[in-house]
Amino acid sequence: TDALCLEARQEFVEVARDMDPTVRLLFALAMRSWELGNATAALTIFSLLSEAGVTKAHRNAARIWEQQTGTLDPLDFGSPVQDGDYSLATCNASDDATAELVATGRFCCSSGNCSAFRFNEPGFLPSECMLRCSADAKCVFATTYATGYCQLSEDCDTMAPASDPSAQIFRLKRPQCRPAASALAECSPQAHSRGGP
């Protein structure tokens with residue numbers, strides 16, 4: 001139970017770190033550097049944030065480094081998930097998700113509505129957009145654009161031509177994990193007051 005409580009605490013610390021105003025400002029500066037084509041500045045800022053423990057910045061720094069060194073597979077998004085039993089220690093539905101390219105030059109019309117998205121904002125690298133989708137339990141499709149736009153959808157029953165030909169639709173595939181909520185329940189004050197599980 002103590003290990004589960006530590007894991008839950010680490011997740012809360014990570015969220016608190018991500019919400020720090022200085023971290024958010026530096027992250028936005030790195031994103032803007034990337035959007036303006038200054039990969040070196042973006043890599044430097046993301047690397048600094050990575051050293052401070054910001055996981056998203058670490059991933060972005062790795063992604064930019066791989067692009068700069070030519071080792072990036074443009075369709076790679078995380079490691080392939082192996083068949084088997086997943087536990088909280090080995091399975092993270094967000095981190096272990098994979099993405100499959102579904103279409104290019106198009107975007108998803110969720111339930112036939114071409115203006116209804118779970119999320120539709122600029123300023124995201126394709127990997128950030130897919131990470132945002134993986135963090136949303138109802139998100140299944142992420143449409144990324146070279147301009148930095150990120151659109152998230154629950155379904156993609158209908159596709160429409162995008163005015164920006166750089167549009168790419170990815171389907172997110174998550175592993176089957178035990179829900180993380182069980183870890184939080186075991187760390188609750190009620191669990192400890194009755195002696196734990």
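A residue is termed buried here when its relative accessible area is under 20%. By this criterion, in the predicted model, 7 of the 10 residues of helix 5 are buried, so the helix is largely enclosed by the rest of the structure. The residues concerned are Ser127, Glu128, Cys129, Met130, Leu131, Cys133 and Ser134. Their cover includes two helices, helix 2 and helix 4, together with strand 1, strand 4, strand 5 and strand 7. Helix 5 itself spans residues 126–135 and lies across strand 1, strand 3, strand 4, strand 5 and strand 7. Relative to strand 4, helix 5 runs at about 160°.

The sheet crossed by this helix is open and consists of 5 strands in the order 1-7-4-5-3, with antiparallel pairing. Its edges are formed by strand 1 (98–104) and strand 3, each of which pairs on one side only. On average, and with direction ignored, neighbouring strands of the sheet are turned by 20° against each other. In general, the strands of a sheet pair through backbone hydrogen bonds, in either a parallel or an antiparallel arrangement.

Strand 4 (residues 141–144) illustrates the pairing within this sheet. With strand 7 (residues 168–173), strand 4 forms 4 bridges in the antiparallel sense; with strand 5, the antiparallel pairing likewise extends over 4 bridges. Thr143 has a bridge partner in each of these neighbours, namely Gln151 in strand 5 and Ile169 in strand 7. Strand 4 and strand 5 are joined as a hairpin with 5 residues between them. Within the turn of this hairpin, Gly148 adopts a positive phi of about 100°.

Both faces of strand 4 are covered. Phe141 and Thr143 are buried on one side, and Ala142 and Thr144 are buried on the other. For Thr144, the relative accessibility is 3%, and the residue therefore counts as buried. Thr144 stands opposite Gln168 in strand 7. When residues up to four places away in sequence are not counted, Thr144 touches Pro126, Cys129, Tyr149, Ser166, Ala167, Gln168 and Phe170. Among these contacts, Cys129 is one of the buried residues of helix 5.

The helical part of the model includes a contact between helix 3 and helix 4. Packing of two helices is described by the angle between their axes and the distance between the axes. The axes of helix 3 and helix 4 (residues 55–69) come within 8 Å and cross at roughly 145°, and the crossing is left-handed. Helix 3 contributes Ala39, Ala42, Leu43, Phe46, Ser47, Leu49 and Ser50 to the contact, whereas helix 4 contributes Ala57, His58, Asn60, Ala61, Ile64, Trp65 and Gln68.

Aromatic pairing was also examined, and the structure holds 3 aromatic pairs. One of them is formed by Phe27 and Phe46, whose ring centres lie 5.2 Å apart with the planes at 65°. Because planes over 60 degrees apart count as edge-to-face, this pair is assigned to that class. Phe27 belongs to helix 2 (residues 21–35) and Phe46 to helix 3 (residues 39–51), so the pair ties together parts that are 19 residues apart in sequence. Both rings belong to buried residues: the relative accessible area is 14% for Phe27 and 0% for Phe46.

A further pair, formed by Phe107 and Phe117, is tilted, with a centre-to-centre distance of 6.3 Å and an angle of 50° between the planes. Phe107 lies in strand 2 (residues 106–109), while Phe117 is located in the loop between strand 2 and strand 3 (119–121); the pair therefore ties together parts that are 10 residues apart in sequence. Phe107 is buried, with a relative accessible area of 14%, whereas Phe117, at 22% relative accessibility, counts as partly exposed.

Charged side chains are also placed over aromatic rings. Lys56 lies over the face of Phe27, at 5.6 Å from the ring centre. The charged end of Arg132 sits over the ring of Phe119, 3.8 Å from the centre of that ring.

Key
Residues numbered from 1 in each chain as written. Predicted model: local features only at pLDDT ≥ 70, side-chain atom pairs only at ≥ 80, totals over all residues. Heavy atoms only, no water. Phe/Tyr/Trp six-rings, centres within 6.5 Å; stacked < 30°, edge-to-face > 60°. Buried < 20%, exposed > 50% of the residue type's maximum accessible area, 1.4 Å probe, protein only. Lys NZ or Arg CZ within 6 Å of the ring centre and 35° of its normal. Contact = heavy atoms within 4.5 Å. Pairing = 2+ DSSP bridges. Axes fitted to C-alpha atoms, helices over the stretch in contact; angles between N-to-C directions. Left-handed = near helix turned anticlockwise from the far one by under 90°.
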